[in-house]
Amino acid sequence: MNRYLKYLTGKLKWYILTFFIAVFLNFFLPRFIPGNPVSALVAQMAGGGASSDVLDKLYNSYIQEFGLDKPWYTQFINYVLKVFHGDLGISFSLYPTKVNTILSHALPWTIALQAPAILIGWIIGNLLGALAAYKKGKFDSAFFPLALFINSIPYYCLAIILLYLFGVLLDVFPIGGGYSMQLIPSFSITFLIDALKHYLLPFFSLILVTIGGQAIGMREMSIYELNTDYVRYAKLLGISEKKITRYVFKNAMLPQITGLAISLGTMVGGALITEIVFSYPGIGTWLFNGIRQQDYPLIQGGTLVITMAVLLANFLIDIVYGIVDPRIRMAQMEE
Amino acid sequence: MKLLKTLLKSKKFIIGLCVFLLLLFGSLIFTTISSHDPAEMIGFLYEPPSKEHLLGTDNFGRDVLIELIYGMKTSIYVGLLSGIIATFIGTTIGTTAGYLGKTIDNILNSITNLFLVIPSFVILILLSVSLRSRSLTLLAMIIGITSWPWTARAVRAQTSSLKTREHVNMAKLNGEGYVEIVLKEILPYMLSYIFMVFVLQVASGILSEAGLSMLGLGPSNTISLGKMLSWALLYEAVRTGAWWAFIPPALTIAIITFSLLYMNTGMDEVFNPRLRS
Amino acid sequence: MGKLLTVKALKAYYKLRLGEKLRAVDGVSLTLQEGEVLGIAGESGCGKSTLASCLSGLFFPPLKYQKGNITLDGIDIIRTDKQTLRKSILGKKISFIPQSAMNALNPTLKIEDFVADVMQEHEPDLSREEAIKRAEERLEVLSLPKDVLKAYPFELSGGMKQRTIVVLSTLMNPEIVIADEPTSALDVSSQRQVIELMKRLLQMKITKSMIFITHELPILRHVADRIAIMYAGVFLEVGTMPQIIFDPRHPYTKVLMSSIIVPEKGMRERKLPLITGRPPDLRKRIKGCRFAKRCPYATDECRMREPDMEETDGRKIKCFHPLKGKEIKQNEVI
Amino acid sequence: MKLSNNTRLEVRELTKIFVSGRRKITAVDQVSFEIHEREIVSLVGQSGSGKTTIAHMILNLLKSTSGSIIFDGKDIKDIKKKIYWRNVQGIFQDPFSSFNQFFVVKKVLRDSFKILDKSFNNEEKDKIIIKALESVNIDPGDVLEKYPFELSGGQMQRIMIARIFIIKPKLLIADEPTSMIDSILRANILKLFEKLREKQGTSIMFITHDIGLAYYVSDRIFIMHRGKIVEAGSAEQVIMNPNHTYTKGLIEDVPTLHKEWILTKRS
């Protein structure tokens, strides 16, 4: 176990380094933006009528408040220190709302939308893929091109099409938002039912894509496993199809588990555009707003949250996978 | 030659290739011979399809069909260019790391892993945000630069296994140098694989462009399929039921990516016969 | 001694991508007596491994059955339905030791779990614990370590893995074991251990008979009672071990025997036969004797017509001009 | 057979340690031996004994950790690689992977002229190629325009030997050159090595796991075990009268035709 821990700390070091580089990129890249976002912000806040004197004062106070008058390395250190305190700064466009506040309100919506879609889609997709590999013949030849087609429709195109079909044409679902405008988020039955109505359409658009992708992956893995020597040997010893299917399923599943972990990790940033299509109040929609208004604390905050989720998920994969697959466990120990 | 001959045995590959080439050359030929300006406002906002405008007009009163053809051209252009860049970078880094090994491999491998873990879409967003003016070519380059790591990793793995082959040793004993060996003894063996990767990179480049466009980070002053979708969303085409403004570009993106993925599946079946049940 | 297994005029082919047929087994007949070890020898691509896998009656794609019969203990294996075949024949009456030992075990299953799966398949009432206990006893009888049961396949060395497979394949005391190149991937000492283990199983009557397939003739010299020489999908000569090894009659067998190189006295002075060419392409119909093109004794007759298998002095030969003479002459060059 | 006692190659305390992570594996451990002019020797060992690592170090495809290899009196570190490879060449185990499958035989053989110091035009090259192919009993018209996958293993290995007839090195390292070739064709290949020695005076080192083969072809044999040479001597002496326990066991484990092999009483 000791060596396993050693392996994990090694991995951890690497992830911490990656995290720092991600923070660095996150801080640095938006500063290449030509022009000054603060002047845009000031102009927007002041409207058309303010005198240049007032504008100047407002401008200077913002520059100081955001620390933009200091050299970039001081800004960077301040930024890193703040990030470590969980402070992502203040939004330009929704001044003086904190980015933390915006994102922490957005995150649950994103997760609530994505996590069930990924999990359920993953389960159904894997079952269908294994079935296609196992049944072969007609089922497979009908199923495979269909799965491939669904998988190759970009998820946001599917979202738009579903939105139009069920939201506009058939008018069975609301066409946007996480809940109706007139309601205030609460745990009342009316609100939950309303939220569910808004939920279903984006959910379906996501789950269909997940099913398609997972099914294709699982089918390929299963076909590969079905042709291995150990399956033949088991057949030669008279082992039943049922048991062999279990072996194959388990072994084909292992890479799929990584797939699940990766989709869960990329979940936060995985369906930005679905949210935009449905104006769903998650990270994607806020990031979209941030981009349109050049609100770079918000953009940075959003991308940082996405990156952190991915890093965390990758680290978890390394831990879990080492426990699940004996071969990997062995390889890790030897490193 | 042998490669091509085997490929032509796959129906899936041929169907995918034909659809893709049809769309590519269709849009190329149309945009060269036609005198239409896709940005010209020829009608009112969201006019439904009619004889003059087969797919109606968009939010600015422009002809959707003509926009669609121009958008198709830009999308395919971005896809191809970013695909070429990503495949080139990935193959170069992968073969260098895999063949030279040791310190250079360690450095390149760490860089690759870094890019693999930090989501490329995030880098893409941050880079695009930092640019005021985004030309098509610049956008394609950015997409290419952020999407090479998977290729590099796979190519590196294949190179480090190929370099232990005996014909590589033979080439060394013939006095051949590093570049010659990579080009002559290693790359040909990966050609089919690299081609498959390239096709996938083209598809993902097209999707990335569309995604960026919908986030409001699309190419400046150009029509692309993603920008058409983005306009349709921003200007309430969905709510007003103007299906002609968004269904055609959405379907076109889907058909292009499907044709590319279908090509890829066909190639996979030819090159990895184990998958044929 | 009764006949355990009879194969009659068996033909099987691989269906290739362009609809071509590769006739890997092209009319093979054999019998296996109770208590006997039959060796099948031949060079790569002669169809010996395909023949082995045909004997299971399963015909894994792209291998396809074409013609002929396989009878085991009076049961027609090819026409038995798959369920019966699986439940009461495979692993129980007839068992296999595969060629690719390295990958023959499920990498994520402990050996003991596989043991339980195999035994419970054939004795549904057996508990897992009992199955493992029986396997432990079996390992003890064969003086092999018990802890292999607790291991995953990748934790075993190549030799140990192959010995484990030998034990797994014989857990149900099968009447016939078919071993397909069971030692070709092993170094010489592991090879010897595996073969000794297989011999011991025969001596202890845990298994009754064996078909041993290999390209290494010196092994057959010590293992087989009878040997069949296979070439291009057919048997060219079948006889007792001493007949085939020390007194070959078919020109091909003769060449094969005089090509053997072993570390023993006189070897350095021996001249090896120089023959070139390669076996015929099994995708094409072959006219005449399959060895005619490379055979120094071939006549027009050989090239025109395929000889029948004829029995003389208790051996069968498929040749118009069999060689005579009793011992391999040390310096004979064909 | 006339054997000269001039040393062609001398290996002194050659060591190779592979490092992977924190683990160190000593593949070759202080090995010393020499090969004389016109001599055929065999380095015999089981898989993992380090014999192929030695072959790669002698071929200068792999750097040693310590020790030295001296060719014709000069340390190979001081010989330009191109010049060294004119004198020391190799043949490998798998004829299928020794060929770049994308090129025809003619191109493969023409490429081998690169290592020579003289430059040839294609016509001159082809003349030499045809002569070399005839020396290995191959009809040039049969193979020159063919791709490797159209040839048999035996043909390919003979073409690899034709390459040696072109380069004419002083020392040939042959790593398991017959292990993937059908036994009835093996004699053809072995005969060609004999011919190389007779015609060009080449010294040959066989790397093999096959004790019978080593006994049959070599003047001297080195037995290798876990990175060390445990026994060396004339073929007759090492195989018929082994001294070292490892060698004894090894030879006992090989099945022969006339000696009992299976110890059935072992239990």
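Okay, one term before we start: when I say salt bridge, I mean a side-chain nitrogen of Lys or Arg within 4 Å of a carboxyl oxygen of Asp or Glu. By that rule, there are 2 salt bridges between chain C and chain A. And please keep in mind that this is a predicted model.

Let's stay with chain C and chain A for a bit. One salt bridge there joins A:Lys243 to C:Asp117, with N and O 3.8 Å apart. You also get 11 residue pairs in polar contact across that interface, both partners at pLDDT 80 or more. On the chain C side, strand 6 (94-97), helix 3 (111-122) and helix 5 (158-169) each put in at least two residues. Helix 3 of chain C gives the most, with 6 residues. If you sort that side of chain C by residue type, you get 16 nonpolar, 10 polar and 3 charged.

How much area do chain C and chain A bury between them? About 2300 Å², and 64% of it is on carbon and sulfur atoms. Have a look at C:Phe60, C:Thr108 and C:Phe154, because between them they supply 26% of the area chain C buries against chain A, more than any other three residues. In contact terms, 29 residues of chain C meet 21 residues of chain A.

Now over to chain D and chain C. Here 41 residues of chain D are in contact with 43 of chain C, and the two chains bury about 4000 Å², 57% of it on carbon and sulfur. On the chain D side, D:Ile184, D:Tyr216 and D:Leu257 lose the most area, together 21% of what that side buries.

For charges, the rule finds 4 salt bridges across this one. One of them pairs D:Glu260 with C:Arg221, closest N and O atoms 3.8 Å apart. There are also 18 residue pairs in polar contact, again both at pLDDT 80 or more. Helix 8 of chain D provides the largest share of the side touching chain C, 8 residues. That whole side splits into 19 nonpolar, 11 polar and 11 charged.

Last stop, inside chain A. Helix 5 (residues 99-135) and helix 10 (residues 241-265) have axes that come within 10 Å and cross at roughly 145°, and the crossing is right-handed. Among the contact residues are A:Trp122 and A:Tyr134 from helix 5, with A:Phe249 and A:Met253 from helix 10. What is the make-up of that contact? It divides into 11 nonpolar, 4 polar and 1 charged.

How values were computed: Residues numbered from 1 in each chain as written. Chains lettered and ligands numbered in written order. Predicted model: local features only at pLDDT ≥ 70, side-chain atom pairs only at ≥ 80, totals over all residues. Heavy atoms only, no water. Contact = heavy atoms within 4.5 Å. Buried area = accessible area lost by both parts, 1.4 Å probe. Polar contact = N/O pair within 3.5 Å; in protein donor to acceptor, adjacent residues only side chain to side chain. Helix = DSSP H or I, 4+ residues; strand = E, 2+ residues; numbered from the N terminus. Nonpolar A, V, L, I, M, F, W, Y, C, P; charged D, E, K, R; others polar. Axes fitted to C-alpha atoms, helices over the stretch in contact; angles between N-to-C directions. Left-handed = near helix turned anticlockwise from the far one by under 90°.
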